Every structure is written in structure tokens, then in C-alpha cells.
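Colleague: Before I set up any calculation on this protein, I would like to go through the model with you. Could we start with confidence and then move to the sheets, a helix and the cores?

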Amino acid sequence: MLNDIKSGAINCIIVKDFSRIGRNYIEVGNYLEKIFPFLGVRVVSVNDNFDSENQAFQSDMLMNSLANIVNEYYARDISKKVTQTKKTMQKKGELASGILPYGYKKCKTDSRKLEADSECADIVRKIFSWRAGGKGCGQIAKYLNELALPSPGQYRYMNGCSAFKRSQNTKWKSKHIAGILTNPVYLGHMVQGKTRSSYFEQNGKLRFLPKEDWIIVKNTHQALITQEQFDTASEMARISSQRHSEQIAVHADIPYIENPLRKKIYCGQCGRLLTRRSRVRNGIRDYCYFCNSPAVKVNASCTNTHIHEIPFMEAVMKSAGQQMRLTGAWQNQWIRQKADMGFKDDSSSSLSEKQELEEKISYLKKRKQELYTDMKDGRLSFNDFGAKRKSLTDEQSKYEEILNKILDDKKMETGVIDFVDKYRKDVLEIKDDYLPIDILDCLIEKIIIVSPERIEITYSFSDSVSKDYTAIHAPDGAGGLLPDKVRDKVR
């Protein structure tokens, strides 16, 4: 909503009371006292009998501030009471969460208890059995996907326990298997309090608590596995984690180089952000990008195509360098089309015309004031006053339209010239043949990899410059020449 307010789409906010704007009295006061008045937004609070159009926030600041303080205190008090109530339920072994562990469902006779879900309890048992047989988490997840068995998120969505549509196409992942293998809930123990989030702590950010802080109540429901199976899986998980840490330590001296463009590279088939992975070969860290959709989504339409970073970045740098060297051509083309459309290049002439129009508009405004005085003194009838005022208003509107067009043209010309000068300066300061990665990050908005042989690059300046070209080249909105240039295709 704040974006709509800043853009001017919303100019009035009506709330029940100040607590609907926010619970933090300092933030609410800042919005009511500074931000909303600056943006020209009217605020109406029904229960507080407040309307910013009729009264300023400062006019009754003490009462409004006290109301916001009470609202914040009330919210904190309720939050503490709800948290304490949930903890009491958890310590009693009662279910206090809306998310059920995979393999269980709510008991029909007591909704605060768990009972085995016959549809997926056997799958949990098989997972522990496969793991004890030496299969890895990734192997188990792959096998379950091959059997077309619904993942935990997909199963919850199918049974109406989750409203997130993104869960309906999720596949089994190794982290799902690892989570099941390390969860004591399958021993018949109620395990809760793994995470904590509160608006009044770290801005509501979700935190994962250590195992010693979990609330575990033993023997509250039916166990799906034995203690021996759980201990075996836990020991294998410990060994696997230790082996992974040792492997990372081997190449710890080879630094990991971050690429700021990695969050701008998308799959051209499904639109998903590509994953960047590194591997060390012959003492050198190699990077590649690939789409992970086939591994995590059911019926993914795209192929899991890998593209190595070195040849990919060479193509991107070459394309970006060529694009920046076109700035002179853009400026020349802009000037030619500006002349073809009849725009004047003489700055002194434009300034003189602007001053002349402003003087005419000022005269017409003054003349309308004189008409009102003449009518008030009886020198002009009401009907004549209305007709002459309308004539003067129409003439003023015509001059204002011409003046606004001159100002818009000047703004457009300044924008294009500033753009050309900025990027020409950047090009001249580059010492190597390739653009530095920090300039690429500012220059490129999005990269779409259709295939290893075809890459599409959209530059960050495309919107602003293409609008200027469209305004000159195609006033009717048919489109300009620049968008084809700034959306570069590399093959």
C-alpha cells in the first residue's frame, strides 16, 4: 500500500482507529505527523474522531500520542499472553500449531492430539528403512518422486491443510527427507517450539531455535518407528554432516567469488531465477548456472540446462561493451528524429518563447481578476462576466498547453543528454577491454537464458530512454526504435 501512496494512487486512508495503522507509537506518530502530510494523504480515524483535513495531528498531539502508546502496550500485552498460553499447551503435550508433521493427522476425538495418518505413515517407515539400508537423502527423494508420491507440502495442499498454491507442484527434496529423519515426533513425542517469531522481536523475523530450547513431551501419541531406527538415522546424519564439513575444509583456501549478476539471471523457459553452483576442479573454483525447476516442481516444462560462468560472462561483457559504445549513435539518431518532428534546437529561442508564454498567461490571470472587480462594481453584467471569463480561460489553457509541451521537450532532451554523457564517461574510464562487474551490475536489469546458445539482456536504462524515443518517433504510442536496441540478443 505504501507504494500506491507514494505513487499518488491513494490520497485518503480511513481506519477504525490508530492501531490499524500500526502498533509502534513512534512510527505511527511519524507517519501521521510528517510522512502522510508531506505526501498529501488525508487520514481519517473513526473511533479517534480524527480527520487530518479538519485538524492537524499536532493540534491534539498529547491525546493522539497517548492513544498510540496504549495501542502498542495492548498489542505487546496480548502477544505475551498468547505466547504464554501456547507454551502452556506445548508443555502439556497438546498440539498448538496449525502445521501437522508429515505422517500424522489430528485425532478425531481430541483435536489437540495426534494420530497416525494411514495414507503416509507407511512412507515415513519406508524412509527410515531405506536410510538404514544406506540410501542417501537425495536418493530417497528421487525415488519418491519417481513413484509420484506427493511431497509433504503437496499432500497438505491436496487435503486442504495449506492455502499456498506454490505447494501444489512441489517435489520431494533431500531437505524434506533430512527433516523427517531427525524429527523425534516419529518416536511418539510431541515436539514443538522449534521456531519463534514476534513483531516486537527482530521485526517479526523467523528464528530457528537450538534443540535444547525445543519443547518435547514424550509418549503423547503413536510412534511410527523404534528408538533403534531413529538412533541409526541420527548417527548416519552426523557422519554425513561431518564428511561434508571435511570436504568443505579441504578447499577452504580457495575463495568463493560472489557474482552480483546472479540474482538477475532467469530461465527463458519457466521464468525461474537460475541457481549458481561452484565446484573445485584441479585447484580452481568453477561456477555454473542451471534451472532447478525440474528438481523441485512437478511437471516442470523446462530442461535442466547448465551454462558455465566464464563463457557466459564473456558474452555478456562483450554485449554490454557494444551497447555502451552505441551511445553516440543513440544521440545522433535522437537529434535527427527531433529535427524531423519539428523540435527547435535553439536554446535561446526556446527560452524567449517560454518567457513570452509565461507573460501572456500572467496577463490573462490578471485580466480575469479585473473582470471580477468590474462585475462587483457594476460595470459589467453577470452574463457578460461569465462569457468573457470563459473566453480568457480557454485562451489561458491553450497557452499553458504549449508551455507544458516546451517544458516536457526540454526535460526529455536533458534526460537523453545526461544519459549519454554519463555512460560515455563510464566507457572512457574503463582501462580493460571488458566492463568491470560493478558497472555491469548497474547497467544490466535482467538476463534471460533461453539456451546456452541464446541469451537475452535487458538494460536498466531501457525504460527511461525508450520512453523518450517513443515520444519523438511515435507520438501515437506505436513504439520507438530504441527498445530493440536495449533488449540485446546474444547468440
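Colleague: Which helix has the lowest confidence, and which the highest?

Modeller: This is a predicted model, in which local features need pLDDT of at least 70, side-chain atom pairs count only at pLDDT 80 or more, and totals for chains, interfaces and linings use all residues. Residues are numbered from 1 along each chain as its sequence is written, and side-chain values use heavy atoms, with hydrogens and water left out. With pLDDT being the predictor's confidence in each residue, from 0 to 100, and helices being DSSP runs of H or I with at least four residues, strands runs of E with at least two, both numbered from the N terminus, the lowest mean, 36, belongs to α16 (residues 482–486) and the highest, 94, to α4 (residues 121–132).

Colleague: Over which residues is the pLDDT below 50?

Modeller: The mean pLDDT of the protein is 78, and 77% of its residues reach 70 or more. Where pLDDT is low, the predicted coordinates should not be read in detail. That caution applies to a stretch with 45 contacts (heavy atoms within 4.5 Å) beyond near neighbours in sequence, where the pLDDT is below 50: residues 463–487.

Colleague: In the open sheet of three strands, which strands stand at the edges?

Modeller: Strands count as paired if DSSP finds at least two bridges between them, and here the order is β1-β2-β3, with mixed pairing. Two of these strands have a single partner each, so one side of each is left without a neighbour in the sheet: β1 (12–15) and β3 (50–51).

Colleague: Which residue of β2 stands opposite I14?

Modeller: β1 and β2 (residues 42–45) run parallel and are joined by four bridges. Opposite I14 in β2 stands V44.

Colleague: What is the bridge partner of I448 in β15?

Modeller: β14 (residues 444–451) is joined by three bridges to β10 (residues 265–267), running parallel, and by six bridges to β15 (residues 454–459), running antiparallel. β14 and β15 form a hairpin with two residues between them. Within β15, I448 has as its bridge partner E456.

Colleague: Is E94 buried or exposed?

Modeller: E94 lies in the loop between α3 (61–91) and β4 (104–106), and, residues up to four places away in sequence aside, touches M89, R112, M190 and Q192. The classes are relative accessible area under 20% for buried, over 50% for exposed and partly exposed in between, with a 1.4 Å probe and protein chains only. Since its relative accessibility is 18%, E94 counts as buried.

Colleague: Against which helices do the buried residues of α5 pack?

Modeller: In α5 (residues 137–146), the residues C137, I140, A141 and L144 are buried. They cover an arc of only 100° around the axis, so they are on the same side of α5, the arc being that of the directions from the helix axis to the C-beta atoms. The face turned away from this buried side carries the exposed K142 and E146, while the buried residues pack against α4 and α7 (174–181).

Colleague: Which element supplies the largest share of the largest nonpolar core?

Modeller: A nonpolar core is a set of buried Ala, Val, Leu, Ile, Met, Phe, Trp, Tyr and Cys residues joined through side-chain atoms within 4.5 Å, and the largest has 31 residues, with Y102, I127, F128, W172, I177 and Y186 having the most contacts inside it. At least two residues come from each of α4, α5, α7, β6 (190–192) and α8 (227–250). The largest share, six residues, comes from α4.
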